[in-house]
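Here is a short report on one chain. Take a look at the sequence and the model before reading on.

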Amino acid sequence: MTSMPPAAPKGVRKEAMAKTREALIDAGLRLAERTGLAGLSVNLIVQEAGVAKGTFFHHFGDRASYLLALHREFHDRLNVQVQAAIDGIPPGSRRLTAVATTYLDGCLRDRGVRALLLEARAEPAVTDEIARRNHASAELCQADFVALKRPHPYESAQLWIGMVAEAALIEYQAATALPGLREAIKRFVD
């Protein structure tokens, strides 16, 4: 009788699962550049990631959960870049301009992912995530509008977040940075 090899320690299994999940997310981010939402099939994702189809469903359950994970990963990576760009800048117009520029540059750099995420907005979970993220962003930017002595800092931050998101859509359609648009955003907070 042959014995089964011992099971991997729990920490090793968790690390392997995290790497597999990351491989699936990275595969989707790469594919988004080529296929858009309509072409982003589970079969294509698992083929790109080099894993079995059942692995996809083990990690995400369904396609909607996967799209939510892609949305979060794109914005989490972008948030790291934004935080690095504003490190050491005190609240106010200069910091808001740095946030907008970094966000817009990131959206242009990853146009295919941005396009896929725009299409995915019809998914209720993604819509909820957008609302949650916009609220959290407005709360963070509220300090900037307090520094600017705006009478309604949270509401001003909400409008500013919406304006920058709309600017990202306009630049996406133009497929380039639009200096006049970026200058208008800067002047909004001057």
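The largest pocket of this predicted model is lined by 29 residues. Tyr-103, Arg-133, Asn-134, Ser-137 and Ile-161 lie nearest its centre. The elements that give two or more residues to this lining are helix 4 (63–86), helix 5 (93–109), helix 6 (111–119), helix 7 and helix 8. Helix 7 gives the most, with 9 residues. The lining divides into 16 nonpolar, 6 polar and 7 charged residues. Here Ala, Val, Leu, Ile, Met, Phe, Trp, Tyr, Cys and Pro count as nonpolar, Asp, Glu, Lys and Arg as charged, and the others, Gly among them, as polar.

The volume of the largest pocket is about 700 Å³. A pocket is an open set of points on a 1 Å grid over the protein atoms alone, where a 1.4 Å probe fits, with protein on both sides within 12 Å along at least five of seven lines; lining residues have an atom within 4 Å of a point. Points are joined across faces, edges and corners, and the volume is the space filled by probe spheres set on them.

Ser-137 belongs to helix 7. Its relative accessible area is 24%, so Ser-137 is partly exposed. The cut-offs are under 20% for buried and over 50% for exposed, with partly exposed in between (1.4 Å probe, protein chains only). The C-alpha atoms of Ser-137 and Leu-104 are separated by 15 Å, and the two residues are 33 apart along the chain.

Now the whole chain. It has 9 helices and 0 strands. Its pattern along the sequence is α-α-α-α-α-α-α-α-α. Helices (H or I, at least four residues) and strands (E, at least two) are DSSP runs, numbered from the N terminus. The C-alpha atoms fill a box of roughly 80 × 35 × 25 Å along the principal axes. Of the 190 residues, 37% count as buried.

How do helix 5 and helix 9 pack? Their angle is about 150°, and their axes are 10 Å apart. Axes are lines fitted to C-alpha atoms, for helices over the stretch in contact, and angles run from 0 to 180 degrees between N-to-C directions. The two helices, helix 5 and helix 9, are therefore roughly antiparallel, a label for angles over 145 degrees. The crossing of helix 5 and helix 9 is right-handed, meaning that the near helix is turned clockwise from the far one by less than a right angle.

Three loop residues come next.

| Residue | Loop | Relative accessibility |
|---|---|---|
| Gly-50 | between helix 2 (42–49) and helix 3 (53–60) | 63%, exposed |
| Lys-149 | between helix 7 (124–147) and helix 8 (153–174) | 73%, exposed |
| Ala-175 | between helix 8 and helix 9 (179–188) | 46%, partly exposed |

Lys-149 is not a glycine, yet its phi is positive, near 60°. Ala-175 is another residue other than glycine with a positive phi, about 60°. The C-alpha atom of Gly-50 is separated by 8.7 Å from that of Leu-24, 26 residues away along the chain.

A note on the basis of these values. Residues are numbered from 1 along each chain as its sequence is written, and side-chain values use heavy atoms, with hydrogens and water left out. The model is predicted, so local features need pLDDT of at least 70 and side-chain atom pairs count only at pLDDT 80 or more, while totals for chains, interfaces and linings use all residues.

Note on methods: Angles under 35 degrees count as roughly parallel, over 145 as roughly antiparallel, 65 to 115 as roughly perpendicular and the rest as oblique.
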